[in-house]
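This report describes the architecture of a two-chain assembly and the way its chains meet. The sequence and structure are shown first, and the account follows.

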There are 2 protein chains.
Amino acid sequence: MANRHNRTIQKQQILTAAKQEYALRGFSGTRMQAIADRAGMPKANIHYHFKSKQGLYLAVLDQIIDTWNQPFEWVSADDDPAEALDNFIRNKVQQSYNDPAASRLFASEIIQGAPHLQEYLRHRMRPWVKARVAVIENWIKAGKMRETDPYQLIFMIWASTQHYADFQAQVLAILNKAEFDSDLLQETASFISGMILRGCGLSVKDNKP
Amino acid sequence: MANRHNRTIQKQQILTAAKQEYALRGFSGTRMQAIADRAGMPKANIHYHFKSKQGLYLAVLDQIIDTWNQPFEWVSADDDPAEALDNFIRNKVQQSYNDPAASRLFASEIIQGAPHLQEYLRHRMRPWVKARVAVIENWIKAGKMRETDPYQLIFMIWASTQHYADFQAQVLAILNKAEFDSDLLQETASFISGMILRGCGLSVKDNKP
DNA sequence: TTAGAATCTGACTAAATGGTCAAGAAATTG
DNA sequence: CAATTTCTTGACCATTTAGTCAGATTCTAA
């Protein structure tokens with residue numbers, strides 16, 4: 001079958017395997033051999049597709065960022081804050097659930113000072129946040145919600161939505177559960193949404209009409 | 001000077017240096033030589049005091065847990081929920097601020113599945129949480145606060161209070177600041193406290209009377 | 001003071017691991 | 001159906017690094 005096609009598939013297999021391994025063991029803890037094993041191909045093959053361990057790592061980060069940015073063009077000042085925030089929160093929780101490895105890898109990178117993400121944080125994420133902050137400020141000025149520091153609000157939403165992916169081991173141990181199921185996901189999303197909305201002085205609409 | 005004394009001091013120096021390095025580069029990313037350099041002694045000396053890289057790592061984790069457990073005996077059902085929660089939140093924020101390396105190291109360990117903390121999570125942290133959950137449930141039964149899932153509440157407090165230590169690189173980049181100062185600390189604590197209290201249907205008492 | 005224990009240290013070693021390479025297999029193309 | 005390019009792979013290498021060790025130094029106790 002077409003080579004072009006294969007090449008794409010192989011690269012993707014490598015990226016996926018690498019994401020899992022990097023998330024599981026950290027950058028330094030990851031062995032190229034482990035990625036190769038997981039991807040089901042000889043190690044040398046990985047070095048054919050990617051220049052180096054670090055190059056592969058950067059490629060994984062890039063892909064994560066691309067995936068995340070896609071469905072995230074969020075709302076304008078005209079929207080209803082309660083609905084918009086609820087949407088945003090449920091979206092984030094769902095995203096962490098869909099790809100916990102991505103969330104964890106990203107978290108590890110930031111915990112270690114984000115050495116490879118400065119550019120991204122400063123020139124892509126910061127403007128994105130600024131735009132959302134502006135929207136929230138508009139809502140506040142329009143009296144649609146309680147006066148609330150928009151930056152802090154966004155940080156708090158990030159923190160609580162990602163927590164279930166990043167600290168899953170802790171959450172499961174405390175709850176004495178074996179896995180994070182879809183029910184718990186819904187409960188979690190509703191809980192966070194409810195807390196945040198009430199915190200912003202917004203009324204929470206019941207999710208089961 | 002006394003040997004016993006020196007021994008203790010040296011061990012402590014090693015532990016502190018190791019905590020910084022492990023937090024900064026992760027377990028695998030950390031070099032024994034780097035710990036030695038930071039502690040200002042030859043590498044072989046570290047292996048005299050600690051069996052192995054992993055042994056030292058476990059010792060660091062142990063010390064972190066000990067430090068954390070000390071001031072955390074929290075409240076009973078008789079206390080006022082608003083005050084108790086506010087206290088707890090401010091305490092946690094302060095703790096993250098005082099020793100961000102500890103917070104980050106712990107976070108890294110959990111993100112990677114908490115391979116060395118299963119015992120601690122299941123047999124020490126879980127009972128601790130259970131006890132707080134019981135208190136919160138009492139508050140709810142007594143009509144002192146809104147009906148709220150106590151586990152989710154604790155997770156959310158953990159998530160948002162630790163976020164500023166663990167994801168500091170991100171927070172600073174977004175806010176375009178160089179460092180996390182004491183003012184921002186206070187704002188953050190007040191913000192989180194306010195959000196959580198309102199979320200629980202409790203009234204927030206102003207902090208500047 | 002001195003024997004003996006505890007501590008410290010530079011030099012060394014064995015193992016692990018990222019990365020290379022040359023030769024072969026497969027696909028593409030004119 | 002060559003000729004050429006692209007891809008695959010086992011074997012190999014250079015480097016890094018945790019951990020060792022024997023000898024020096026410092027402390028303790030009698």
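Two residues are taken to be in contact if their C-beta atoms, placed from the backbone, lie within 7 Å. On that basis, the contact between the chains takes 43 residues from chain B and 43 residues from chain A. The model is a predicted one, and every value below is computed from it.

**Chain fold**

The secondary structure of chain A amounts to ten helices and zero strands. In sequence order the pattern reads α-α-α-α-α-α-α-α-α-α. Along the principal axes, the C-alpha atoms of chain A fill a box of roughly 60 × 40 × 35 Å. Chain A has 209 residues, of which 37% are buried. Among the contacts in chain A with a separation of 6 or more, 67% join residues that are 24 or more positions apart.

**Symmetry and the interface**

Chain B is superposed on chain A by a rotation of 180° with 0.0 Å of shift along the axis, at an RMSD of 0.0 Å. The two copies are thus related as by a two-fold rotation axis. The same surface serves both copies, since 100% of the contact residues of chain B recur in chain A.

Which elements of chain B supply at least two residues each to the side that touches chain A? They are helix H1 (3-29), helix H6 (100-111), H7, helix H8 (150-166), helix H9 (168-175) and helix H10 (182-199). H8(B) gives the most to this side, with eight residues. By residue class, the side of chain B that touches chain A divides into 22 nonpolar, 14 polar and seven charged residues.

**Helices H6, H8 and H9 of chain B**

H6(B) and H8(B) pack with their axes 9 Å apart and at an angle of about 110°. Angles of 65 to 115 degrees count as roughly perpendicular, and H6(B) and H8(B) are therefore roughly perpendicular to each other. From H6(B), the residues B:Pro100, B:Ser103, B:Arg104 and B:Ala107 meet B:Gln162, B:Ala165 and B:Asp166 in H8(B). The residues of this contact of H6(B) with H8(B) divide into three nonpolar, two polar and two charged.

In H9(B), the buried residues are B:Gln168, B:Gln170, B:Val171, B:Ala173 and B:Ile174. These buried residues pack against elements of both chains: helix H6 (100-111), helix H7 (118-141) and helix H8 (150-166) of chain A, together with H6 and H8 of chain B.

**Nonpolar core**

The largest nonpolar core holds 98 residues, and those that touch the most other members are A:Ile14, A:Ala18, A:Ile192, B:Ile14, B:Ala18 and B:Ile192. Not counting residues up to four places away in sequence, A:Ile192 touches A:Ile89, A:Val93, A:Ser160, A:Thr161 and B:Met156.

**Individual residues**

Most residues other than glycine have a negative phi, and most peptide bonds are trans. Two residues of chain B other than glycine take a positive phi: for B:Ala114 the value is near 55°, and for B:Asn176 it is near 60°. B:Ala114 is placed in the loop between H6 and H7 of chain B. B:Asn176 lies in the loop between H9 and H10 of chain B, just after H9(B).

Are these two loop residues buried or exposed? A residue is buried if 20 or more other C-beta atoms lie within 10 Å of its own, and exposed if 12 or fewer do. B:Ala114 is therefore buried, with 20 such atoms, whereas B:Asn176, with 9 C-beta neighbours inside 10 Å, counts as exposed.

Two arginines illustrate the partly exposed class. A:Arg38 lies in helix H2 (residues 32-39) of chain A and has 17 other C-beta atoms within 10 Å. Leaving aside neighbours within four places in sequence, A:Arg38 is in contact with A:Ala17, A:Gln20 and A:Glu21. B:Arg124 belongs to helix H7 (residues 118-141) of chain B and is partly exposed, with 13 other C-beta atoms within 10 Å. The table lists a C-alpha to C-alpha distance for each arginine.

| Pair | Separation in sequence | C-alpha to C-alpha distance |
|---|---|---|
| A:Arg38 and A:Ile14 | 24 residues | 8.4 Å |
| B:Arg124 and B:Ala59 | 65 residues | 17 Å |

Terms used. Residues numbered from 1 in each chain as written. Chains lettered and ligands numbered in written order. Predicted model: local features only at pLDDT ≥ 70, side-chain atom pairs only at ≥ 80, totals over all residues. Least-squares fit on C-alpha atoms with pLDDT ≥ 70 in both. Helix = DSSP H or I, 4+ residues; strand = E, 2+ residues; numbered from the N terminus. Nonpolar A, V, L, I, M, F, W, Y, C, P; charged D, E, K, R; others polar. Axes fitted to C-alpha atoms, helices over the stretch in contact; angles between N-to-C directions. Parallel < 35°, antiparallel > 145°, perpendicular 65-115°, else oblique. Core = buried A, V, L, I, M, F, W, Y, C linked by C-beta atoms within 7 Å.
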